[in-house]
Amino acid sequence: MSQKTALITGITGQDGSYLAEVLLEKGYKVHGIVRRSSSFNRGRIEHLFDDIRIRSDNIVLHYGDLGDTNSLFRVVKESQPDEVYNLAAQSHVDISFSMPEYTGDITALGVTRLLEVLRTSESHAKFYQASSSELFGKVVETPQNEETPFYPRSPYGCAKAYAYYLTKNYREAYDMYAVNGILFNHESPRRGKNFVTRKISASLANIYGGKQDCLYLGNMDAKRDWGYAKEFVEGMWAIMQHDTPDDYVLATGKTATVREFLELCLGVANIAFEKEGEGTDEKYIDTATGKTIVAIDTEYYRPAEVDLLIGDASKAKNELGWEAKTTLAELAEMMMKADYEEAGLSL
C-alpha cells in the first residue's frame, strides 16, 4: 500500500500538533500550513523534527494562509494530499467579539477558499472541517447531538455555522468527501494560555512561582463538556476513515462548571482555600497565606453567554468505535503537572 499524505491547516496549534503526531505514527506523510510571522510559533511541533524515529521528509511545512487563495492553491499542488484537515481558524470566542470581521474572513470564508481550491483543482482529497460545540450556543435541547438545531452566540459560533453548512453543501452539490467533526471542548497541556482551562493551570503555577499575583476569571458558572485533545484528534482521523462521509459529534457526555475545574486544579496542587463573597465579589483565598489567589473580573464576561454545553457522542461510538476516556480530574492533573514543571515547581 502506498504511503498516505495528509495536509493540516493549523498544524502549529494544539489539535494540529496532536494530529500530526497521530498521523506520523500511522505512517502518513504530513504537510502543514504555517503563517508567516516575525515571531517563531512552532513550539508544539518542534519535537517532531527532533524525533529520530521520524524521517525528516515525512513532515513538511509550507507558508500559507486561509486568507490567501493563491497560497492554498500552491500548497495543495505541492503536497497532493489524500486527506485535508482544516483546523486553522480565529478560534477564541471572546476575541471574536473584538474582531468579528477577521473571524468571519478566516473561520468562515477561509473554508470557502480551501474547498474551492480542492474542487477547482479536481483534487480527490477527503476534507475534514473542524466544527465546534459553540454552534449550539444557547442550547435548545440537552444533551446536544448531530440533530440538535444551532443557536450560535458569538461571531466565532456564527462563522463556524457558515463553515459547517458550506462543508455539507459541497458534499451534496459536488459529491466531495467533506465532513464535519463537531467537537466539544478539548484541552491539554498544549492548550493556548488564553483559554480558560489552561489559563487556570498556568496562572496557578505562576502565582506559586512568584510571577503572578492573582488569577482573574469571568463567568464561573458556565458549564462545558471538557475532554482530552489527543483523544479527540484520534476521533477526527476515525471520521475520515468511514466508508461514507458524514458529520459527527465528539464529546465526553459529562459537563462541569469553570468553578469545578478550578477546584480540581487547586486540589491537584494541594492548595487549601476558603471562598468569600458571591457573584462578581466571589474570591478564593489561600488559607495558608491569607492571600486572594482567584477573583472575578467582569471584563471576561461575554456580551452573549453560552451557559451549558454537553454532547451526545453515541453516533461516533456506534459507527466509529470512538469514545472519550480521560476524565476531567485526570485532565486537570495532567495540565497542572505540566504547568508546574514549566514554572520550575513540583507537585
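User: How much of α1 is buried?
Analyst: Of its 12 residues, 11 are buried, so α1 is largely enclosed by the rest of the structure. Buried means under 20% relative accessible area, exposed over 50%, and partly exposed in between, with a 1.4 Å probe and protein chains only. Helices (H or I, at least four residues) and strands (E, at least two) are DSSP runs, numbered from the N terminus.

User: What should I keep in mind about the model itself?
Analyst: The model is predicted, so local features need pLDDT of at least 70 and side-chain atom pairs count only at pLDDT 80 or more, while totals for chains, interfaces and linings use all residues. Residues are numbered from 1 along each chain as its sequence is written, and side-chain values use heavy atoms, with hydrogens and water left out.

User: OK. Which residues of α1 are buried?
Analyst: They are Gln14, Asp15, Gly16, Ser17, Tyr18, Leu19, Ala20, Glu21, Val22, Leu23 and Leu24.

User: What span should α1 have, and what do its ends give?
Analyst: At 1.5 Å a residue, the 12 residues of α1 (residues 14-25) should span 16 Å, and the end C-alpha atoms are 17 Å apart, which agrees. The expected span is 1.5 Å times one less than the number of residues.

User: And what follows α1?
Analyst: Gly27 does, with a positive phi near 90°.

User: What does the span check say for α8?
Analyst: For α8 (residues 229-241), 13 residues should span 18 Å, and the end C-alpha atoms are 19 Å apart, which agrees. The buried residues of α8 are Ala229, Glu231, Phe232, Val233, Gly235, Met236, Ala238, Ile239 and Met240.

User: Which residues are buried in α9?
Analyst: In α9 (residues 258-268), Val258, Arg259, Phe261, Leu262, Cys265 and Leu266 are buried. They cover an arc of only 165° around the axis, which puts them on the same side of α9. The arc is that of the directions from the helix axis to the C-beta atoms.

User: Why do residues three or four places apart point the same way?
Analyst: An α-helix has 3.6 residues a turn, so residues at that spacing do point the same way.

User: Back to Val258. How accessible, and how far from Leu215?
Analyst: Val258 has 7% relative accessibility and so counts as buried. Its C-alpha atom is separated from that of Leu215 by 13 Å, and the two residues are 43 apart along the chain.

User: Cys265 is in that list too. How many disulfides are there?
Analyst: A search of the whole structure finds zero disulfides. A disulfide is a pair of cysteine sulfur atoms within 2.5 Å. The sulfur of Cys265 is 15 Å from the closest cysteine sulfur, in Cys214, too far for a bond.

User: Is Cys265 buried or exposed, and what about Cys158?
Analyst: At 0% relative accessibility, Cys265 counts as buried. Cys158 is partly exposed, with a relative accessible area of 44%.

User: Switching to backbone. Where is the cis peptide bond?
Analyst: The bond from Thr142 to Pro143 is cis, with omega near -5°. Pro143 lies in the loop between β5 (126-132) and α6 (155-174). Most peptide bonds are trans, and most residues other than glycine have a negative phi.

User: Which residue in the loop between α9 and β13 has a positive phi?
Analyst: Asn270 lies in that loop, with β13 at 273-276, and its phi is near 55°. At 69% relative accessibility, Asn270 counts as exposed.

User: What about Asp175?
Analyst: Asp175 also is a residue other than glycine with a positive phi, near 55°. Asp175 sits in the loop between α6 and β6 (178-183) and is exposed, with a relative accessible area of 71%.

User: Last topic, pockets. How much space is in the second largest one?
Analyst: About 310 Å³. Its lining has 20 residues, of which Ala251, Thr252, Gly253, Lys254 and Ala324 are the closest to its centre.

User: What counts as a pocket here?
Analyst: On a 1 Å grid over the protein atoms alone, a pocket is an open set of points where a 1.4 Å probe fits, with protein on both sides within 12 Å along at least five of seven lines; lining residues have an atom within 4 Å of a point. Points are joined across faces, edges and corners, and the volume is the space filled by probe spheres set on them.

User: How does the lining split by class?
Analyst: Seven nonpolar, seven polar and six charged residues. Ala, Val, Leu, Ile, Met, Phe, Trp, Tyr, Cys and Pro count as nonpolar, Asp, Glu, Lys and Arg as charged, and the others, Gly among them, as polar.
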